[in-house]
Amino acid sequence: MKKEILYRRIFEIIPGLLTWTTLVALIVLAIVRPVWAAIFVIMFDLYWAIRVGYLTTLLIFAYRRLEKEKKRDWLKESKGLARINGLEYDNTYQAVLFPVYNEGLDVLIPSIEALNNSHYPKDRMVVILSVEERGGVDPWESALFLKDRYKRNFYEFLVTRHPDRLTGEVKTKGANATWGAKVLKEFLDSEHIDYEHVIISCFDADTCVEKDYFGCLTYHYITNPKRTRSSYQPIPVYHNNIWQARSIARVIELGSSFMQMIETMRLEKFVTFSSHSMSFKTLVEAGYWPTDMISDDSAIYWKCFLHFDGDYSVMPLYVTVSMDVATAKGIIPTIIKQYKQKRRWAWGVENFPYVMAGFLKNKRIPLTKKIRRSFHLLESHYTWAVWAIIVTFIAPLPLIFGGGIFRQTTIGYNLPSISAALFRISLATLFICMLISMKLLPPRPKDVKPKERLIMVTQWLLAPAIAAFIGSIPAIDAQTRLMFGQYMQFHVTEKTRKNPLH
Amino acid sequence: MEDKIKRTLSFYFSLALFFLLLPIVLAYSLGYKIDYHALRAYKTGIMYLKSQPPGASVYINGKERKELTPARIEELKPGTYRVDVKRDGFFPWQKELAVRPNMVTKAEDIVLFPLTQEIKKVCDYDVKDFIISDKNYLYYMTSAGLFRSSLDGTNMKRLSSYSDWPEMIVGKKFSPDRDKLLYFNKFHIWVIYMNLDKSLVKGKDSVKVEEVLTSPDPIIDVHWYSESRHIVFVTDKYINVGELSGSEGERNIVILYKFNASPKSLFYDEASDSLYFTDSTSSKDRAYLYRLDLRQNFFDQLMQRLKKEFEIRYEKRDSL
C-alpha cells in the first residue's frame, strides 16, 4: 500500500517536474549557451508552426464532417435500424443527468427545454436533476419546480439531493453525478429496464442539446459493435451566451471547441470531455464517476479504460451540444473566471498519476498500449504547459542574455526574423479559425447590435495575446500544485444569463 | 476519403515537412549555405547595410545587388569585400568590409550627403558676429544693431540699436542664468544684458551693452562664474575675477593667481567652478597642471580674506 502511495506521488510530480525542468533548463541554456538556446527556439518554432498547420487541417476535416453529418436525419436512420444484439430504436432509453450545484432556473430551463424540443420520444427519456445539498435551498426548490413543470413531458423526471460530505467523497461534480446515477439505477431496477438499453448523458447544467443529438447518439450506440466499451462524445460549443460574452472569453471558448473538434480526428488520444454520454451498463460496471477527482469528465474514461483492460474508446459524435461561455461583466473578472476554468481543465493532469498507478496494477493491458496512452496523456499536458511560454517568453531570451557577440552571429541576427516569420505562419491559421467560427455561430439575437458581428471577426486578433497569457500559465499552475501535493478543490464556474428565462 | 486516411496522410506530410524544412531553416539561421549539387554545406556571413537616407543601391566588389538599403546581404563567403553605397544626388559611400563565417557585419551609420547643399541666407544685414543660445535663438551683432531670430531666420527682432562692435571678437559666452552675454577681444570685455523677461517698451532698446573692463594685458579667455554675476578672465600674466555689479569705476577686480609663464592650455569647468591651467615652475623648463577651485565657499572665503587684507593695507596707509 505504501509503495502504491509512493508511486502515485512520483507520478504526480513527473508532469510538473518535466515542465519546470524544461523551462528552467531553457532559461539557463539561454544564459550559458545562447546559440544552443537559439537553435532550440528555431526548431521549436518550426515544429510549432507545422503542428498548428496540421491541427488546423484536422479542424477543417472535422468541420466538414460536422457539416456533412448535420444533414443526416439521425432519428429516421435510427428508426430504420434492424435489431442489433438485442437493441433497436424502440427499446433504447435516454437518461439525461444534470448535476446541479447552485445554477438557477435561468440556466436550467433552457437546458430542459432543449431536451423537450429534441427529436426523440420523451416517453423513453428520463431526466435526473441531482442537486448538491451544499448549494442551498434555492436550487432544490428550482429542481422541484422543474419536476412539477416537466414531469408529464418525460418518461420520468427524477430529482434527488446529494448529501454533503459523504465518506470517500470530495467536493466534485463527479460525486454528485454518481449519486444521481445511483438514483437512476434504483428507478431502472424498479422498472426492470436492462442497463444496456439505457444511454446516460451526463450534462453540465447549462448544456443545451441539438434536436438531433439523441437520434445521432442512438444510431451510433446501436450500430457500435462495442457499444458498452465506448463513450460517446459530442462537440461542445459555447453558443448559449456567445453574443453577450466578452470577446476575450469568446475567443478562448471557441478555441476550446476547436480543440475538441480536432481531437475527434485523433481517436487514439480522444478522451471524454465535459458533457458526454455512455452506456448505463458500462457506468455501473465501471463503478460510476470517480467521487474524489475534479476532472470527472475525463477520469470516467480512464476509469473505464482501466476497468475494461484497455478495451475502451471514445466515439466522436458530429453533433453539437451548446454551453455557456464563462464570462463576466468586466475584462479582469472575465480573465480570472477563464483562468480558473482553464486551470480546472488543466487539473486533468491528475489523470496521469491515476492512470499510471492503474497501469502498474493492471497486467492485462498490453505494454505498448500502456506506453502509447501514458505518453499521449503526459505529452498533451506537457505541451499545454510549455508551448506558449517557449514561443513568447523563452524565444527572446538568447537575444537578451546573449549580448553583443551573440547578436553579431548569424543565428543571433536571424533569430528574431525567423521566429517572427514562423509565428506569422501560425497566425495565418487564425483566418481559418475565424471563418469556421463564423460558420458555426448561431444567429444574432435581435437585441444584439450588428457591429457585434464585426467584433466576432476582429476578436481573433486577441488570440496571440490570450495564448501567451492564458495559454500555458493555468496548466503550469495546475501541474505545480499537483507536484507539491496541493490538491485543488472543485471550483464551479458560475453560470448566469443576462436575460433570465422564467 | 476516410477521415482516418486523410488524417494519417496529413500527419506524415507534416512530419516529412518538418524534417525537410528543419535542416534548411537551421542552415539558414546558422549562416550555412547548402550546395545541393555537391550535397555539402559551407559557412557564410551576412552583411547588413543601413544608410541615411535609405533606398540607396549597394555594390559588392563593383557588382550591383538587387537589395536597396537597409539591405541584408546574405550567403556571402567569408572574405573582404569592397562595398559601395550609392544614391542619385548624393555623395557615394565606400568601404572595405570583412565578412566572417557565421557572423554579421554591420554598417549601420552610413550617411549619404547631398551633392548640392541647401544654403539659405538667414540675415540681410552686415553681420559682425553671431551666437546661438541654448534656447534655440540666433543672436546677430550687425551694423544695424543686435538682432534675435529663430534658428531658420524667421521671427527676427531687433533687440538693440547698438552697433559699436569691435573689429574682431575673440570669444562669446552666455551666462549660466542665460540673462547675459559676454564677448571680448584682446584687451576688452563687454557684457550684453538681455532683460528679455521684462516687457519691451516701444522705441527703447530691450537690452543694454556695456564694456565691463579693459585689461592692460592680452586676454586669453573669459568665463562666467556659476552665479552669473562675476567673470573669471585669464590674461597671459594673471587669473582675475571681476564683478559685474556697480558702475564701471567701482568694480572689484581681484588677481587670483600670477602665472610664472604664459599658460599653454586652460579649461574652465563650469560644473565645479574650477579652472585648470598649466604653468611652469620657476625653473621654467617644465609645465605642470594646476587646478584653481572657485567654488562658492572657497570663493566667498577668498573674497573675504582679500577684503580683509585690503582693509589692513588701507588702514596701514591711512595710519602712515
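**Exercise 1. Determine whether Cys304(A) is buried or exposed, and whether a disulfide involves this residue.**

Step 1. Cys304(A) has a relative accessible area of 0% and is therefore buried; buried means under 20% relative accessible area, exposed over 50%, and partly exposed in between, with a 1.4 Å probe and protein chains only.

Step 2. A disulfide is a pair of cysteine sulfur atoms within 2.5 Å. Over all chains, a search of the whole structure finds zero disulfides. Cys304(A) is in no disulfide, and the nearest cysteine sulfur, that of Cys202(A), is 12 Å away.

Step 3. Cys433(A) is also buried, at a relative accessible area of 12%.

Basis for all exercises: the model is predicted, with local features needing pLDDT of at least 70 and side-chain atom pairs counting only at pLDDT 80 or more, while totals for chains, interfaces and linings use all residues. Residues are numbered from 1 along each chain as its sequence is written, chains are lettered from A and ligands numbered from 1 in the order in which they are written, and side-chain values use heavy atoms, with hydrogens and water left out.

**Exercise 2. Find the partner of Glu196(A) in a salt bridge, and place both residues in the chain.**

Step 1. A salt bridge is a side-chain nitrogen of Lys or Arg within 4 Å of a carboxyl oxygen of Asp or Glu. The whole structure holds 38 of them over all chains.

Step 2. The partner is Lys281(A), at 3.6 Å from N to O.

Step 3. Glu196(A) lies in the loop between α6 (173-191) and β4 (198-202) of chain A, and Lys281(A) in helix α9 (residues 280-286), so the pair links distant parts of the chain, 85 residues apart. Helices (H or I, at least four residues) and strands (E, at least two) are DSSP runs, numbered from the N terminus.

Step 4. Glu196(A) is buried at 18% relative accessibility, whereas Lys281(A) is partly exposed at 27%.

**Exercise 3. Describe the salt bridge of Arg7(B) and the network that includes Lys6(B).**

Step 1. Arg7(B) pairs with Glu268(A), and their closest N and O atoms are 2.7 Å apart.

Step 2. This pair crosses between chains: Arg7(B) sits in helix α1 (residues 3-30) of chain B, Glu268(A) in the loop between α8 (247-263) and β7 (276-279) of chain A.

Step 3. Arg7(B) is buried, with a relative accessible area of 13%; Glu268(A) is partly exposed at 30%.

Step 4. Lys6(B) is linked with Arg65(A), Glu69(A) and Asp3(B) in a network of salt bridges.

**Exercise 4. Give the strand order of the open sheet that contains β10 of chain B, and explain why one side of β10 has no neighbour.**

Step 1. Four strands make up the sheet, in the order β10-β11-β12-β13, with antiparallel pairing; two strands pair if DSSP finds at least two bridges between them.

Step 2. β10 (127-132) and β13 (157-160) stand at the edges with a single partner strand each, so one side of each lacks a neighbour in the sheet.

Step 3. β10(B) pairs with β11 (residues 137-142) over five bridges. Val127(B) has Thr142(B) as its bridge partner in β11(B).

**Exercise 5. Work out how β22 and β23 of chain B are joined.**

Step 1. Four bridges join β22 (residues 266-269) to β23 (residues 274-280), and the strands run antiparallel. The bridge partner of Asp269(B) is Ser274(B).

Step 2. The two strands form a hairpin with four residues between them, and Asp273(B) in the turn has a positive phi of about 50°.

Step 3. On β22(B), Leu266(B) and Tyr268(B) form the covered face, Phe267(B) and Asp269(B) the uncovered one.
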